[in-house]
Amino acid sequence: MIRLIGYFFGIGTALALIVAAGVAIYIGQLTKELPDYEVLAKYEPPVTTRIHASDGALMGEFARERRLYLPIQAVPDRVKAAFLSAEDKNFYNHPGIDVTGLMRAVFTNFQNVGSGRRQVGASTITQQVAKNFLLSSDQTYERKIKEMILAFRIEQAYSKDRILELYVNEIFFGLGAYGIAGAALTYFDKSVNELTVAEAAYLAALPKGPSNYQPFKYTDRAIERRNWVIDQMVTNGYVSREEGEKAKATPLGVTPRRNGTYLFAGEYFTEEVRRELIARYGQDALYEGGLSVRTTLDPKLQLVARKAMQTGLLKYDRLRGYRGPVTKIDVSGDWGTALGEVKGLDDVPEWRLAVVLDSSGTGLDIGLQPKRDVSGALVKEREQGKVSEEDMSFAMRYVVDGKRLKANSPAEVLKPGDVIFVEKNEKGDGYALRQPPEVSGGLVAMDPHTGRVLAMVGGFSYSQSEFNRATQAMRQPGSAFKPFVYAAALDNGYTPASVIMDGPITIQTGTTSWTPKNYDGKAAGPSTLRTGIERSRNLMTVRLANDLGMQTVAEYAERFGVYDKMLPVLAMSLGSGETTVMRMVSAYSVMANGGRQIKPSLIDRIQDRYGKTVYKHDERGCEGCVATEWANQPEPELIDNSEQVLDPMTAYQITSMMEGVVQRGTAMTLRELDRPLAGKTGTTNEEKDAWFVGYTPNLVVGLYMGYDKPTPLGKGSTGGGIAAPIFKDFMSVALEGTPKVDFVVPEGMKLIAIDRKTGMQAQEGQQGTIIEAFKPGTGPADSYWVIGMGEDGSNGSGEALSPQASKAISEGGGGLY
């Protein structure tokens, strides 16, 4: 019997050894196929790129996986405790595999065989790191064995804290959020440090199955799972029983953080920065690189710019009448549901969509678009209101099929079912009718000394149109281009007192001829350069460009950055070429800063995920900035290495002449600002665009108004009439609280009183004079000389014209450029 037992024992031992050998060979084979776990040391997960305004305010986030990498030292203990209680309470004690938990799972799964229940797992946090980083998610025993082997190796190679850090930064939480920092922001709009025990417990409950514990779809299930985690935290001694009960009594409190842009009115700017980042570094760097971008945007100025532009566009649009409802819906049933499907203007929160429920001779009864709760669902309440006839008075003139009609009653304009935009009226007792304008435009505000773009408006509403008219719209600047012609002349021997003939001229080119006209169709006869720019005289500008040579004008336009390549034909001197608001503002900045070339920038600095600066806009050098202590050495000095593209004296002369545009010329409306201010209006052919670009010594602002498909704005819609008032609205707020700063006269210039009409030096006590600035070696003419006089029938000797000739010139012409 004993011999028989020994026989079986021997056979059993041999079989066990064979099985053990087979297992060893199998595991050895699997070990050879294991991935290299050392890649964890170089782990760089996709991280969210964040864009900030100049004051640090968050403007936007861009990511494929919304993740912010957080070192384990920055994760609060209560958050760690929640994850350890939910996933692996023995994490700091086991070698990578929790044997006790594994045996419990095996026993439970054996009991559940044939019951249809899902098998339970016993993966430790280390095993999950191995699976998430190095293995597939296949539910096979082979993958599980590989996971265990890797878990042992990872535990030997890395500290527990490093493993936990990898885990909390990698896991998926649902709603597009990865990692604990991203999840805290996505679910609660909080930093990790601000999470309560209940919130931390809910986030710790999510990795098991984010879709199973979705906060709005499966609220009860989510609360039940969260409370289980809280109970585990109490059992494991991380929180007291009182704290646990208090936490379990709170609602989930999920308040999802919205995607996209966060800074109000900054959408166009943010999108422009996004495009620049892609062009500079590529899409992967933007959406995975974790860049930190500090932009030049001034949030306060941006709000002022947006309001000024919207006010100007709406004022113009309302004068053109009402174009009808947004759409039409059925109001016989629950109008709120149908109205909730209509897209509004997200970035114009003052406006709400509404549906006309009834219309009469006194006004409209309306139903307002229902708001949405945190889950995104429409609320059940239905709000109603009224629009009086007074609050929709502009719509009494309405447009149908291009025809302007006049209504006698609101009921003629809008019917039940019409969807409209409304805004709370000034009295607060009802609503006023609104309509998004068809006309649009762009605005840029820039620091002329650095090129930093402080504000940008790309249109009325980014929700209405993402096309950025400040940077993407190619438009004719019209007369706003003239300062570059005059600057080129002043830089090449002319003076502000040079006299040019303002009279009819015909340019013959081969078999074709061109006869430009002044805007008012009249000609004023001989006038100084200053008068030509103040009064925006086309005929004088053409003569000046012709006398100077268009090759020279083109060279200056390209040097200033108005165009990359300008066709040197005379029509271009009147601004018939196409350019952008951004380019025009940059070019005017050269005149504002004393003639130095600047590079416009939306970005001050870019840092990579480690905080290293990889781009800086300010390229100035600093001598003496690295001194460790003061030893009576000179103060550090910033060296401006920007190129001088215009003589500083020329820059002052053209600035002084454009001050005259504000004081006496086409932009006299701006005199009310009572500030040293230079600028130029622009109105293109058939009044399809209205421009104004102007500046103080420290701020340049340019804008245009026009239809996206160039269409006449209407008689009298000039740069001075509709664009300059927008500039005025912006500047009146932007300059509040800032000191009045005069334009600096460069050293060596002579200030001489001259006769406004003749350009010659004025006699003491003479009327009709003005102070002009002259460069060294130049001054008023000793004798009367008119450029281009010979072209108009005079003897060309420089003598004054006869009264008859002057009359013919001043009364000739006609038409409109």
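Student: Let's start with Lys-328: does this residue count as buried or exposed?
Tutor: This is a predicted model, where local features need pLDDT of at least 70, side-chain atom pairs count only at pLDDT 80 or more, and totals for chains, interfaces and linings use all residues. Residues are numbered from 1 along each chain as its sequence is written, and side-chain values use heavy atoms, with hydrogens and water left out. As for the cut-offs, buried is under 20% relative accessible area, exposed is over 50%, and partly exposed is in between (1.4 Å probe, protein chains only). Lys-328 comes out at 51% relative accessibility, so this residue counts as exposed.

Student: Which residue forms a salt bridge with Lys-328?
Tutor: A salt bridge here needs a side-chain nitrogen of Lys or Arg within 4 Å of a carboxyl oxygen of Asp or Glu. For Lys-328, the closest N and O atoms of the pair are 3.2 Å apart, and the partner is Asp-418.

Student: How many residues apart in sequence are the parts that this pair, Asp-418 and Lys-328, ties together?
Tutor: Strands are DSSP E runs of at least two residues and helices are H or I runs of at least four, numbered from the N terminus. The Asp-418 to Lys-328 contact is 3.2 Å. Asp-418 sits in strand S12 (residues 418-424) and Lys-328 in strand S6 (residues 327-328), so the separation in sequence is 90 residues.

Student: And Asp-418, buried or exposed?
Tutor: Its partner Lys-328 counts as exposed at 51%. Asp-418 has 7% relative accessibility, so this residue counts as buried.

Student: S12 also holds Glu-423. Which residue forms a salt bridge with Glu-423?
Tutor: Both members of this pair are buried. The closest N and O atoms are 2.8 Å apart, and the partner of Glu-423 is Arg-434.

Student: How far apart are the closest N and O atoms of Lys-728 and Glu-672?
Tutor: Lys-728 counts as buried because its relative accessibility is 17%, while Glu-672, at 62%, counts as exposed. The closest N and O atoms in their salt bridge are separated by 2.7 Å.

Student: What is the strand order in the open sheet of 5 strands?
Tutor: Two strands pair if DSSP finds at least two bridges between them. S14 (residues 440-446) and S26 (residues 699-706) pair over 7 bridges, whereas S14 and S15 pair over 4. The pairing in the sheet is antiparallel, and the order is S15-S14-S26-S25-S24.

Student: Which strands stand at the edges?
Tutor: Look for strands with a single partner, because that leaves one side without a neighbour in the sheet. One of them is mostly covered all the same: 5 of the 5 residues of S15 are buried. The edge strands are S15 (453-457) and S24 (678-683).

Student: In the hairpin of S14 and S15, which residue takes a positive phi?
Tutor: At this hairpin, Met-446 stands opposite Val-453 in S15. There are 6 residues between the strands, and the one with a positive phi, near 85°, is Gly-451.

Student: Why is helix H7 largely enclosed by the rest of the structure?
Tutor: H7 covers residues 179-188, among them Ile-180, Leu-185 and Phe-188, which are buried. The helix is largely enclosed because its buried residues number 10 of the 10.

Student: Just after H7, which residue takes a positive phi?
Tutor: The residue is also linked in a network of salt bridges with Arg-50, Glu-61, Arg-66 and Arg-257. Its phi is about 55°, and the residue is Asp-189.
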